[in-house]
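Please read the following explanation alongside the sequence and the coordinates, following the charged side chains from one part of the chain to the next.

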Amino acid sequence: MIEKGMVVRSKAGHDRGGFFLVMETEGDFALLADGKNRPLDRQKRKRKKHLAETLVRIDPGCVKTDRQLRRALAKWNGGPDSEKEESDLGQR
């Protein structure tokens with residue numbers, strides 16, 4: 001069940017594979033932000049069935065700026081703070 005504060009992965013659409021923070025829920029929809037393509041002031045409205053749950057939760061009240069949100073999601077969205085393994089870099 002998708003709830004406010006969850007980090008989710010998009011399963012469909014142009015943003016497929018990207019990770020977002022659920023800012024609010026509205027029935028079958030969730031309002032998402034990632035701090036880059038979808039900043040806090042222009043959240044994405046997406047059907048919950050197109051989202052995959054993760055076990056990670058972030059308190060939306062603690063994320064006040066897009067920069068803070070990008071840093072919080074960097075581990076999953078491949079930002080500079082993410083840890084890449086050799087297999088991710090195409091090396092063996």
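Arg 71 is exposed in this predicted model, its relative accessible area being 52%, a value that passes the 50% above which a residue counts as exposed. This arginine belongs to helix α1, which covers residues 66-77, and together with Lys 36, Arg 67 and Arg 70 it makes up a positive surface patch.

Charged side chains also pair with one another, for the structure holds 4 salt bridges. In one of them, the side chains of Arg 57 and Glu 3 meet with a distance of 3.0 Å from N to O. Because Arg 57 lies in strand β5 (residues 51-57) whereas Glu 3 sits in the segment before β1 (6-10), this pair ties together parts that are 54 residues apart in sequence. Glu 3 itself is partly exposed, with a relative accessibility of 33%.

The segment before β1 takes part in another such pairing, in which Lys 4 is the partner of Glu 24. Here too the side chains form a salt bridge with an N to O distance of 3.0 Å, and the link again joins distant parts of the chain, since Glu 24 is found in strand β2 (residues 19-26) and Lys 4 in the segment before β1, 20 residues apart. Both partners are partly exposed, Glu 24 with a relative accessible area of 35% and Lys 4 with one of 45%.

Strand β2 also contributes Glu 26, whose side chain meets that of Arg 45 in a salt bridge at 3.4 Å, N to O. As Glu 26 lies in strand β2 and Arg 45 in strand β4 (residues 44-47), the pair ties together parts that are 19 residues apart in sequence. In this bridge, too, the two residues are partly exposed, with relative accessible areas of 39% for Glu 26 and 47% for Arg 45.

A further arginine, Arg 16, is located in the loop between β1 and β2, and at 61% relative accessibility this residue counts as exposed. Once its neighbours within four places in sequence are left aside, Arg 16 is in contact with Ser 10 and Lys 11. Along the chain, Arg 16 and Leu 51 are 35 residues apart, while their C-alpha atoms are separated by 9.1 Å.

Definitions and conventions
Residues numbered from 1 in each chain as written. Predicted model: local features only at pLDDT ≥ 70, side-chain atom pairs only at ≥ 80, totals over all residues. Heavy atoms only, no water. Patch = residues over 30% accessible without salt bridge, like charges linked within 9 Å, V, L, I, M, F, W, Y side chains within 5 Å. Areas by Shrake-Rupley, 256 points an atom, 1.4 Å probe, with all protein chains shown as cover. Lys, Arg positive; Asp, Glu negative; His and termini not counted. Charge placed at Lys NZ, Arg CZ, Asp CG, Glu CD. Helix = DSSP H or I, 4+ residues; strand = E, 2+ residues; numbered from the N terminus. Buried < 20%, exposed > 50% of the residue type's maximum accessible area, 1.4 Å probe, protein only. Contact = heavy atoms within 4.5 Å.
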